[in-house]
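Here are some notes to read alongside the structure, written for someone who is just starting out. Keep the viewer open and look up each residue as you go.

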Amino acid sequence: MSNVVILGAQWGDEGKGKMVDLFSERFDIVVRYQGGHNAGHTVFIGDRRYVLTLVPSGILRGKQVVIGNGLVIDPAELIRQIETLEAAGVDVVGKLAVSNRAHVIFPFHRSVEKVSEAREGRTAIGTTSRGIGPCYEDKIGRRGIRMAELVDEEVFPPLFRALAEDKATLARAFGIQDTFDYEAIFQEYLAYGRRLRPMVCDTARLLHRALAEGKQILFEGAQGSMLDIDHGTYPFVTSSNATAGGVATGAGFPPTKIDGVVGVSKAYVTRVGAGAFPSEAHGEAGDRIRDAGGEYGTVTGRPRRCGWFDVPLVRYTAMINGFDSLALTKLDVLDGLDEILVCVGYRLDGEEIEEMPATHAALARVEPIYERLPGWKTSTREVRCFEDLPPNARAYLRFLEERTGVEIGVVSVGAERNQTAVAAGSRLEQLLGSVP
Ligand code: GDP
Ligand code: IMO
Ligand code: MG
C-alpha cells in the first residue's frame, strides 16, 4: 500500500497535472492540500486539453477527488469548473468532496490584493490576482469564513457582516473608495453555499476512513517548493505550504502514513511573476526555450521567464521535501539545442556557497556557476523507455542525478499521457508503478 505526494520542485508549472493524471490510475483518491485557483494544471487526453485549477487532476480518470482544508476556495470558480467538466462528460458531482474547513475567497480579497500590488514604493510580487494571499491573511488573522460556515445559513450572515465591516473599515482607514455592494455579495454567496453544500464534509475523516479500508491516496501539490511561504524565495512566494509538510496540515493526513514524495521538475527552469532567478537565460537563449516549450502561463497567459536547470535549487527542495524520486518533464524542449547549460553552484560576493540564501537580496546577487553539456539534437518525443534516449540525453539525466543526489524515475517528452518513460527498477516505479 502506498500514499504518495507529487509536488513541484521548482517555481510551479513543472507539469504536475500531467504526472498526476498519468499515475492517478493506480490510486483510489486524489487530494489537493493547498493553494487555490492560482494553480493551473494542464492535462492532455488525445486532442482534448483540460486545465484544472481547483478540482484535483485525478477527476479525469474517474477517481474520487478531495479539496482539502488547506485550500482557499473561490466558490464561483469552483462551480464554473464543475460545470465545465460536467459539460465535457466528466462526473464531478458524484466524485468531489470539499473540506468544511477550507477557507472562502470573496471579491474583496481580490481588491485588497490589487491595492497591495499597486502600492507605491513596493515591488509587486506579480501575483495571479485571484485573492489568494488576502484570503490566507484572513485565515491566519482568525477572521476568515470557511466552507462549513458558508453552507450554514444560520451561521453565515453574522460572520459575513463582521468580515464586511472589517473590510469597509480598512478601506476607510486607507482612504480607498469602497464600492462593494455587500448585500449583493451576501446573496450571491448564499446561493453558492446552497449549491456546494452536498459536497462539503470533514475530508480528514473521509481520508482516515479510506486509510482504514486500505485505499491508496495520491496528493497533488500546487505551485512549487520555491513558492512555499516558509521555504521559498520570500517574499516572492505564494501564501501556502506547497512543500510536503503541507500535506499533513492541509489535508489532516498523518505524516506517518505518507510513503513517498515525488518532485516534479522541468529539464530546465521557468518562473512566472517577479523575484530572483539565478539561472535565468536572458535574450535569445531564454526566448528559444520559451518558444520550444510554449512557456506562457496557464492561468494568466503571462510569458514565463525561462532558464537553465538549477542544481542548488533542486538540491535544496529535495532536502526540504525528502524526494524519493524526480519526475523530469519537458526534456523534448531541449531537443534542438547544441549545448545545454546547467547551473551547478552559486557564487555570492565572490565566494562559492552551498545553501540557498535566505534573503531575497542575497539571492538576487547570486552569480550562477555553469557547466556546459552537449545537446543530442534529435527528437525524443517518440521515446518510451530510458534505453531509447539518445546517449547525450542519458548523460544529461545522469549528470542531474549525480549533482542533485536524487534519482530521475520518470522523464516526460511531450504533453500527452503516453509521451513518458519510467526508469525500470527505480524507486518511483516502486511507488507509482510503471506507466499505465
Ligand atoms: P503544472 O501547473 O505543474 O500542472 O504545469 P502547467 O500545466 O501549468 O504547465 C506545464 C505545461 O507543459 C502544460 O502546457 C503541459 O501540457 C506541458 N507539458 C507537460 N509535460 C510536457 C512535456 O514533457 N513536454 C512538453 N513539450 N510539454 C509538456
Ligand atoms: P501551478 O500549480 C506558477 C506565482 C505567481 C506569483 C506568486 C504569488 O500551476 O504550478 P499568488 O497568486 O499565488 O499569490 O502569486 O506565485 N504562482 C505560480 N507560478 N505556477 C503556479 O501554480 C502558481 N501559483 C502562483 O505567479 O509569482
Ligand atoms: Mg500551472
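1. Let us begin with lysine 377. In this predicted model, its relative accessibility is 47%, so lysine 377 counts as partly exposed, since the label "exposed" is kept for values over 50%. You will find lysine 377 in the loop between strand E18 (367-374) and helix H13 (391-404). Its backbone deserves a look too: phi is positive, about 55°, although lysine 377 is not a glycine. For background, most residues other than glycine have a negative phi.

2. Which other residue has a positive phi although it is not a glycine? Aspartate 13 does, with a phi of about 60°. Aspartate 13 belongs to the loop between E1 and H1. With 23% relative accessibility, aspartate 13 is partly exposed, because buried would require a value under 20%.

3. Aspartate 13 has a partner at the metal. The magnesium ion (ligand 3) has Asp13 (OD) and Gly40 (O) as its protein donors, at 2.1 to 2.2 Å. Aspartate 13 sits between strand E1 (4-8) and helix H1 (16-23), while glycine 40 sits in the loop between strand E2 (29-32) and strand E3 (41-45), so the two donors tie together parts that are 27 residues apart in sequence. Is glycine 40 buried or exposed? Glycine 40 counts as buried, because its relative accessibility is 11%.

4. Now turn to ligand 1. Around ligand 1 there are 20 residues, and the closest are Lys16, Gly17, Thr42, Asp332 and Ser412. Several polar distances can be checked in the viewer. Glycine 15 has a backbone N or O atom 2.8 Å from an oxygen atom of ligand 1. A polar backbone atom of glycine 40 lies 2.9 Å from an oxygen atom of ligand 1. From aspartate 332, a polar side-chain atom comes to 2.8 Å from a nitrogen atom of ligand 1.

5. How much of the accessible area of ligand 1 does the protein cover? Ligand 1 has 580 Å² on its own, and the protein covers 92% of this. The second largest pocket is where ligand 1 sits. H1 and E3 are the elements that give two or more residues to the shell around ligand 1.

6. Serine 412, one of the closest residues to ligand 1, is worth a stop. Serine 412 is part of strand E19 (residues 408-412). Its relative accessible area is 3%, so serine 412 is buried. The side chains of serine 412 and lysine 18 are joined by a polar contact of 2.9 Å.

7. Ligand 2 comes next. Which residues are closest to ligand 2? Out of 20 surrounding residues, these are Asp13, Lys16, His41, Thr128 and Thr238. Asp13 is familiar from the magnesium ion, where it is a donor.

8. Three side chains offer polar atoms that you can trace to oxygen atoms of ligand 2. An N or O atom in the side chain of histidine 41 is 2.7 Å from an oxygen atom of ligand 2. For threonine 128, a side-chain N or O atom is 2.6 Å from an oxygen atom of ligand 2. Arginine 302 has a polar side-chain atom 3.0 Å from an oxygen atom of ligand 2. On its own ligand 2 exposes 540 Å², of which the protein buries 97%.

9. Please check the peptide bond between tyrosine 234 and proline 235. This bond is cis, with omega about 5°. As a general rule, most peptide bonds are trans. Proline 235 lies in the loop between strand E10 (217-220) and H9.

10. Another proline to visit is proline 254, in the loop between helix H9 (245-251) and strand E11 (260-266). Its relative accessible area is 21%, so proline 254 counts as partly exposed. Proline 254 and valine 31 are 223 residues apart in sequence, and their C-alpha atoms are 14 Å apart in space.

11. Finally, look at glutamine 10, placed in the loop between E1 and H1. Glutamine 10 is buried, because its relative accessible area is 1%. From glutamine 10 to proline 255 there are 245 residues in sequence and 22 Å in space, C-alpha to C-alpha.

Key: Residues numbered from 1 in each chain as written. Chains lettered and ligands numbered in written order. Predicted model: local features only at pLDDT ≥ 70, side-chain atom pairs only at ≥ 80, totals over all residues. Heavy atoms only, no water. Donors = N, O, S within 2.8 Å, 3.2 Å for Na, K, Ca; no water. Helix = DSSP H or I, 4+ residues; strand = E, 2+ residues; numbered from the N terminus. Buried < 20%, exposed > 50% of the residue type's maximum accessible area, 1.4 Å probe, protein only. Near = heavy atom within 4 Å. Polar contact = N/O pair within 3.5 Å; in protein donor to acceptor, adjacent residues only side chain to side chain. Areas by Shrake-Rupley, 256 points an atom, 1.4 Å probe, with all protein chains shown as cover. 1 Å grid on protein atoms, 1.4 Å probe; cavity = no way out; pocket = protein on both sides within 12 Å on 5 of 7 lines; lining within 4 Å. Sits in = over half its atoms within 2 Å of the grid points.
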